[in-house]
Amino acid sequence: MAERLQKVMANAGVASRRASEELIQEGRVMVNGVVVTELGTKVESDDSISVDGKLLKKDEKKVYYLLYKPRGVISAAKDNKGREVVTDYLKDVPERLYPVGRLDYDTSGLLILTNDGDFANQMMHPRYKVDKTYVAKVEGLITPDSIKKLRNGVVIDGKPTSRARAKILSRDTKKNTSIVSLTIHEGRYHQVKKMFDAVGHKVQKLSRTTYGTLTLDGLTSGEYRELSHNEVRELLKLINNK
């Protein structure tokens, strides 16, 4: 049965579907020795596919890892400017991994990496509403009124955010800063930072502490571990119940 080229690439662990589409459009993908640049292209199971001259392995074992991403690292498998990327921390893993979604360069915390394209696509799809919790250090002493606004949703980029969970963890009157926990299920560009900007508090430091049922327990910055079968099953259960 024929399948879209980007889906086959994602399932083979090349990159997410979106990133695979970019590779196709850049002319870096060949099917049966011919460069393909059209996103609607469909391929058969016996077609030969190569990316940047490297033949695709379609039967690669599916693996899932949790990384405690440090600040100052790019959420990508490669960077054309030679900057440090998240896969640099998993060099001992033989499979070709890519991150599920992104964390900003200056944001630390929980990041999933996998070679399972369907899993990654489901985790990132907005309709499945997977909760993600962030802990932010912000400028100023945040008030209960601002917390209420975050919970009810604020307008960013001309569009309201969904309801969220927000909680003040601490406030430092001497340094004029606050630590706040914010749980959202959306994944809009710079969403957390923009939400705090919308209530008048600039983010100084940001970390993602949970993703669905996963936490950073037992890990320090730069460390990673493989997810158990139960953990993957629990994540899939979250989206299958939506």
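Contact, as I shall use the term, means heavy atoms within 4.5 Å. With that settled, let me turn to the structure, which is a predicted model.

I begin with helix 4, residues 144-152. Its buried residues pack against strand 13 (165-172), strand 14 and helix 5. Which residues of helix 4 are buried? They are S146, I147 and L150. These three cover an arc of only 100° around the axis, so they sit on the same side of helix 4. P144 and K148, on the other side of the helix, are exposed. After helix 4 comes G153, with a positive phi near 100°.

Next, helix 5, which spans residues 191-198. Here the buried residues are Q191, V192, K193, M195 and F196. Their cover includes helix 4 together with several strands, among them strand 9 (107-114), strand 10 (132-139) and strand 15 (203-211). Just after helix 5, G200 also has a positive phi, of about 85°.

Finally, I would draw your attention to N115, in the loop between strand 9 and helix 3 (117-124). Is this residue buried or exposed? N115 has a relative accessible area of 1%, and since buried means under 20%, N115 counts as buried. Its side chain has polar partners on the backbone: a polar atom of that side chain lies 2.7 Å from the backbone oxygen of K61, and one lies 2.8 Å from the backbone nitrogen of V63. Leaving aside residues up to four places away in sequence, N115 touches residues including A10, N11, A12 and G13, as well as E95, R96, L97 and Y98.

Notes
Residues are numbered from 1 along each chain as its sequence is written. This is a predicted model: local features need pLDDT of at least 70, side-chain atom pairs count only at pLDDT 80 or more; totals for chains, interfaces and linings use all residues. Side-chain values use heavy atoms; hydrogens and water are left out. Buried means under 20% relative accessible area, exposed over 50%, partly exposed in between (1.4 Å probe, protein chains only). Helices (H or I, at least four residues) and strands (E, at least two) are DSSP runs, numbered from the N terminus. A polar contact is a pair of N or O atoms within 3.5 Å; within protein, one must be able to donate a hydrogen and the other to accept it, and residues adjacent in sequence count only if both atoms are side-chain atoms. The arc is that of the directions from the helix axis to the C-beta atoms.
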